[in-house]
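User: Could you take a close look at one part of this model for me? I would like to hear about the surroundings of the ligand.

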Amino acid sequence: MKIDILTIFPEMFEVLNHSMIGKAQENSLVEINTVNFRAFAKNNQKHVDDYPYGGGAGMLLMPQPIFDAFETIKGTKPRVILMDPAGTRFTQQKAEELSKEEQLVFICGHYEGYDERIKTLVTDEISLGDFVLTGGEMAAIAVIDAIVRLVPNVLGQQASHVDDSFSSGLLEYPQYTRPQEFCGMRVPEVLTSGNHEKIRQWRLKESLRKTFKRRPDLLKKLTLTDEMTAFLAEIREEED
Ligand SMILES: C[S@@+](CC[C@H](N)C(=O)[O-])C[C@H]1O[C@@H](n2cnc3c(N)ncnc32)[C@H](O)[C@@H]1O
């Protein structure tokens with residue numbers, strides 16, 4: 001996968017050179033390039049922003065530097081993602097969809113936002129959530145991290161994302177590691193039983209329980225199996 005990022009703060013993306021995403025770059029599973037669109041500003045002061053027509057507070061990113069920077073990106077038909085609090089809320093499903101693309105281009109805003117004409121370059125407008133950041137960089141970093149870890153072989157054989165929260169439509173079940181007892185708190189017995197079917201059932205039920213208690217909205221979107229329906233009935237009784 002190739003990722004190009006249009007930004008006026010390329011140094012912020014240094015964080016992607018660490019941990020799993022750093023390794024993915026070292027192993028050539030993903031190539032991440034930044035393009036500083038300030039370098040394309042045609043005015044002497046290298047300004048990339050200007051006052052909004054009609055008045056109002058703040059400055060807007062001008063179209064010209066972004067259009068010219070975009071022209072230099074090589075590739076055919078990349079998905080072009082604009083980071084914008086007014087975009088579609090980012091989800092695990094969107095991360096899965098974008099992880100299958102060969103090339104992604106991110107455009108990071110700043111100041112009060114963009115000249116609307118910049119949106120003609122864009123295929124997807126993505127918001128990280130219902131809050132306003134100072135710029136698109138941190139939002140793009142989070143989105144890129146969520147996408148790249150789904151690219152085949154990035155997580156390696158030891159780790160898997162299939163049980164992650166949201167991948168199955170449920171929140172992830174509680175997990176434990178050694179020691180078996182810590183400060184008087186014991187690991188649930190079933191997890192040390194070696195009975196794989198019982199462990200699978202316990203995990204499914206606890207996933208359902210966590211989702212039922214914290215994110216009942218997710219359950220409404222799921223097609224429940226008979227087993228899930230039975231577990232949910234038990235959970236409703238247990239939690240009453
Ligand atoms: C200060 S914000 C502009 C907010 C804009 N005036 C508005 O009300 O929608 C500057 C830039 O940060 C980025 N940004 C801020 N919040 C974001 C969010 N929740 N998701 C994605 N990008 C965000 C966008 O690129 C945005 O253009």
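Which strand gives the largest share of the shell around the ligand?

Analyst: Happy to help. This is a predicted model, in which local features need pLDDT of at least 70, side-chain atom pairs count only at pLDDT 80 or more, and totals for chains, interfaces and linings use all residues. Residues are numbered from 1 along each chain as its sequence is written.

The strand you are after is β5 (residues 79–89), which contributes four residues, the largest share of the shell. Strands here are DSSP runs of E with at least two residues, and helices are runs of H or I with at least four, both numbered from the N terminus. Around the ligand there are 20 residues, with M83, G109, L133, G136 and A139 the closest; a residue is near the ligand if its C-beta atom, placed from the backbone, lies within 6 Å of it. By type, the shell holds 10 nonpolar, eight polar and two charged residues. Ala, Val, Leu, Ile, Met, Phe, Trp, Tyr, Cys and Pro count as nonpolar, Asp, Glu, Lys and Arg as charged, and the others, Gly among them, as polar.

Now for the wider setting. The protein chain has seven helices and nine strands. Its radius of gyration is 23 Å, well over the 18 Å that the globule rule gives for 240 residues, so the chain is more spread out than a compact globule. That radius is taken over C-alpha atoms, and the rule is 2.2 Å times the number of residues to the power 0.38. An automatic or database assignment gives domain 1 (2–148) and domain 2 (181–239), with 39 Å between their centres, taken over C-alpha atoms.
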